[in-house]
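This report describes the pockets, cavities and nonpolar cores of one structure for a reader who is new to it. Please keep the sequence and the model in view while reading.

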Amino acid sequence: MTALDKKPKKDGYTPKFPRNWFPPPKNMLGADYDTDWARKPLARVLRAALINSITRPLIRTVAKPTIIGIDRLDKLKSPAIFVANHSSHVDTSLMMAILPKRFRRKVAVAARHDYIFDKWWKATIWSLWMNVVPIERNKASRRSVELPLRLMKEGWSFALYPEESRGPNDFLLPFKPGAAYLAIKAGVPLVPLHFKGTRRIFTPYSRRFQIGKTRVVVGEPMYALENERPQAFITRVQAAVEQAADEGNTNWWAAKVRAMKGETPPLTPPPGLTGWRQTWAATKPEPAMEIWKP
Amino acid sequence: MPRPGFTLVVDGATPPVAIWRNGHLTTEKLPIGSVVAYPPEPLTPVVDLREHIKASLESPIDSEPLSKRLLSGMKLTIAFDDITATDRALALPDPRGIALEEILTIAAEAQIDDVELVNARGLSRRMSKRELSSMLGPRITDSFVVTNLLSQHDASGEDLFEVSSSEHNEPIRLNKRIAESDLLIYLTLDPSDASAYRNIASRICGVTTIQSVISSGTTNNADVIGAAIEKQTPIFQVALSLNNAEFSGPTRFLQSRANEWAMSDRAAFRVLRVALDLTPAPIRERVLTIPPSQQKVISVASGSVTATNKASLAVLDKQYGAEESPPADVLVLGAPPASPYAINSILNPLLAVHYALTTAIPVDGRRPFVKEGGVVILHHGLEKTFDPQEQTSFIDFFDRVLPIEQGDDLSKSEEVFATDAWYIHLYRTSYAHHGTLPFRLWAECERARSYLSGVIVVGGDVDLAHRMGFRRASTFADAVEMASDITSNANPSITMLPYPAPRPRATS
């Protein structure tokens with residue numbers, strides 16, 4: 001059988017070795033962008049080199065992360081879905097920098113199909129560097145569900161931002177249940193993470209990095225309860241992210257006690273607080289630490 | 001304890017005095033008997049600025065506390081002086097950002113949802129997002145700049161609000177957002193001798209209104225305009241007064257008295273002088289306008305516009321007031337290393353001349369350093385150097401409008417510049433000053449020129465000096481010789497002003 005005898009696929013793209021080791025044609029963009037090439041061995045080796053030589057040193061220098069609770073991943077088996085609050089482009093790089101090697105080398109990141117995958121060069125760079133896959137966020141398309149499920153079946157973990165977008169400030173946007181749906185379907189745990197300080201490092205309006213400090217708190221991996229609906233599951237996950245933030249601000253025990261009493265400080269804005277007052281409240285500086293005096 | 005202003009009388013033992021000249025530092029040996037008028041040393045800044053501002057907002061002059069004037073559901077606009085309020089951008093954190101944070105905190109506590117900020121820029125260029133975010137700080141940037149709740153005033157805008165006033169010939173055109181607000185909080189760094197409302201009237205109104213404020217002999221216009229604005233929208237003013245610490249660290253000696261320089265100061269001066277001489281001109285022109293000013297807040301006053309302006313002027317007199325001395329026949333000034341209209345840009349000849357003449361002959365109510373019919377000697381190697389992005393209208397002003405004979409009517413040319421679609425486009429969307437700005441600066445220079453017998457520029461382009469209507473001398477000694485001819489005085493009295501210059505005393 002010659003190459004001409006091969007029946008072309010519907011989209012006109014005929015993958016043939018080594019063609020599928022390279023990015024798809026320029027006209028294939030958006031939700032249809034095929035990212036399989038970015039999970040071939042060559043791309044994985046390149047990605048590991050990029051992350052180890054550029055991303056991680058850069059994050060260590062610029063973001064100076066303090067990592068809390070990473071030991072909670074010790075007994076966790078791949079795959080898993082990592083969910084976190086999203087306030088900056090630095091979030092994904094930070095996640096790549098702090099995850100243990102066994103997760104880092106086999107994790108895909110869900111990204112908006114209309115943001116990353118609108119230009120061929122952006123799609124190529126981000127697919128290679130962060131292993132992003134396109135997800136349609138405004139509609140529940142079949143591909144947006146099947147692709148992550150197939151990847152998790154192949155052993156790939158997933159990173160998702162349930163807020164779906166970087167919010168206008170550090171208050172949480174309501175979590176969408178997509179991540180919980182995928183976790184229930186694939187039978188994998190959700191790992192809640194809370195990032196603090198990343199907005200300052202790379203603000204949405206700036207094109208330059210600002211050196212600062214960040215904090216990552218890794219929460220306990222969570223499984224869906226029997227017959228639990230995705231919305232109920234994601235509500236629990238949101239509470240876990242809030243608990244992780246509380247743990248970062250206080251300590252494990254204090255956060256645990258407050259969570260048991262249902263007194264964890266919410267990360268969502270108080271009702272009625274909108275517009276500029278919401279951002280004003282979100283950016284309120286923390287009180288200076290008082291020096292202990294005997 | 002900072003020392004007050006001081007007049008140094010030059011004698012045989014006085015060393016040559018440092019003077020700025022077109023981006024270079026030089027020394028000049030002044031004739032014996034000349035005087036150098038130094039301003040007082042920088043006053044000690046307030047220790048906790050936030051607390052000072054809070055206290056001032058709670059106990060304003062001639063007004064209710066701000067927290068009582070802010071009511072839920074009101075439409076609040078906060079306008080602030082733009083980057084041109086000082087000669088250079090201020091070192092961070094900018095006190096405007098701190099004051100705005102305190103004001104906004106009170107507004108948030110009062111649960112006011114409809115709050116907008118206006119960058120009161122008058123005829124000067126837009127500020128870049130980067131400049132705004134560093135001036136205002138990350139909190140205000142996140143809450144207002146990113147969310148488009150901060151606008152930069154557009155004096156050529158078509159949607160300006162017309163306020164009628166029986167005392168003003170034509171309608172006063174005011175920023176629409178401000179006109180529709182229930183309260184305007186105005187944050188200023190720049191009090192004015194001419195009128196308490198001069199700053200407001202020249203920064204948040206339309207072009208024609210601003211033109212009637214920034215011109216010769218019509219200073220009381222600002223009061224009329226200000227009263228009309230205040231009738232439309234009540235104003236609560238917050239005035240921050242800055243000290244004169246332009247230089248700090250290793251360059252601090254640049255504003256200390258010449259006869260007190262230590263050996264280390266002399267060495268530093270020589271190093272700086274050689275470094276500036278060796279720096280290529282295109283780099284030097286820009287480098288000098290970039291370093292931030294180290295001025296710090298020495299007093300905060302809030303309340304009614306008139307009362308806060310008066311309080312700020314009293315503080316500034318303490319900071320900048322020169323020692324009492326009679327006006328001289330000849331006043332010597334160096335070209336300033338910076339100008340409000342050249343921040344992160346280039347100091348062009350008109351800006352240098354404007355600085356010299358407005359420093360020499362201040363507005364009414366203050367006694368000039370130079371006698372009527374005296375001479376100003378400006379150290380400035382005049383060269384046609386302009387920033388093509390910011391100073392487009394200045395370039396055309398030099399090419400198309402100059403030379404101007406005394407008494408020429410520039411109103412037609414100004415009208416052409418003010419309505420030119422290209423200048424308006426650059427002013428609105430790019431970073432250019434308004435087309436009418438060079439005419440307004442020139443009008444202020446004209447007022448000073450009509451007081452003097454002549455202006456002599458030391459060094460630079462002869463043709464350019466003549467086009468501007470000035471005489472040109474090759475050396476300082478020649479300039480003094482020429483000045484004695486003009487004043488018909490073989491031994492004219494000479495006063496030199498250093499940079500930063502002191503303010504003359506009030507005539508009262």
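## Terms and basis

For the residue classes used below, Ala, Val, Leu, Ile, Met, Phe, Trp, Tyr, Cys and Pro count as nonpolar, Asp, Glu, Lys and Arg as charged, and the others, Gly among them, as polar. Pockets and cavities are sought on a 1 Å grid over the protein atoms alone: a cavity is a set of points where a 1.4 Å probe fits but cannot get out, while a pocket is an open set with protein on both sides within 12 Å along at least five of seven lines, and lining residues have an atom within 4 Å of a point. Grid points are joined across faces, edges and corners, and a volume is the space filled by probe spheres set on the points.

The model is predicted, and local features need pLDDT of at least 70, side-chain atom pairs count only at pLDDT 80 or more, and totals for chains, interfaces and linings use all residues. Residues are numbered from 1 along each chain as its sequence is written, chains are lettered from A and ligands numbered from 1 in the order in which they are written, and side-chain values use heavy atoms, with hydrogens and water left out.

## Confidence and chain A

The predictor assigns the complex an ipTM of 0.75 and a pTM of 0.84. Chain B has an average pLDDT (the predictor's confidence in each residue, from 0 to 100) of 88, and 97% of the residues score at least 70.

Chain A contains ten helices and seven strands; helices (H or I, at least four residues) and strands (E, at least two) are DSSP runs, numbered from the N terminus. Of its 294 residues, 45% count as buried, that is, under 20% relative accessible area with a 1.4 Å probe and protein chains only.

## The two largest pockets

The largest pocket holds about 1,300 Å³ of space. Its lining comprises 45 residues, and His86(A), Ala110(A), Ala111(A), Arg112(A) and Tyr161(A) are the closest to its centre. α4(A) provides the largest share of this lining, six residues. By class, the lining has 29 nonpolar, eight polar and eight charged residues.

The second largest pocket has a volume of about 1,100 Å³. Among its 37 lining residues, Asp170(A), Lys196(A), Ala282(A), Lys284(A) and Glu286(A) are the closest to the centre. Elements giving two or more residues to this lining include α8 (230–249) of chain A and α4 (129–145) of chain B. The lining divides into 14 nonpolar, eleven polar and twelve charged residues.

## Enclosed cavities

Five cavities of 30 Å³ or more are found in the whole structure. The largest cavity encloses about 1,400 Å³. It is lined by 48 residues, of which Ala85(B), Asp87(B), Asp190(B), Pro340(B) and Thr358(B) are the closest to its centre. α12(B) gives the most to this lining, with five residues, and the lining contains 24 nonpolar, 13 polar and eleven charged residues.

The second largest cavity has about 160 Å³ of space. Of its 15 lining residues, those closest to the centre are Asn22(B), Gly23(B), Glu285(B), Leu288(B) and Leu347(B).

## Nonpolar cores

A nonpolar core is a set of buried Ala, Val, Leu, Ile, Met, Phe, Trp, Tyr and Cys residues joined through side-chain atoms within 4.5 Å. The largest has 88 residues, and Ile204(B) and Phe397(B) have the most contacts inside it. Helix α12 (residues 349–360) of chain B gives the most to this core, with eight residues. A second, separate core of 46 residues includes Val46(B), Ile78(B), Leu150(B) and Val238(B).

How values were computed:
Buried means under 20% relative accessible area, exposed over 50%, partly exposed in between (1.4 Å probe, protein chains only).
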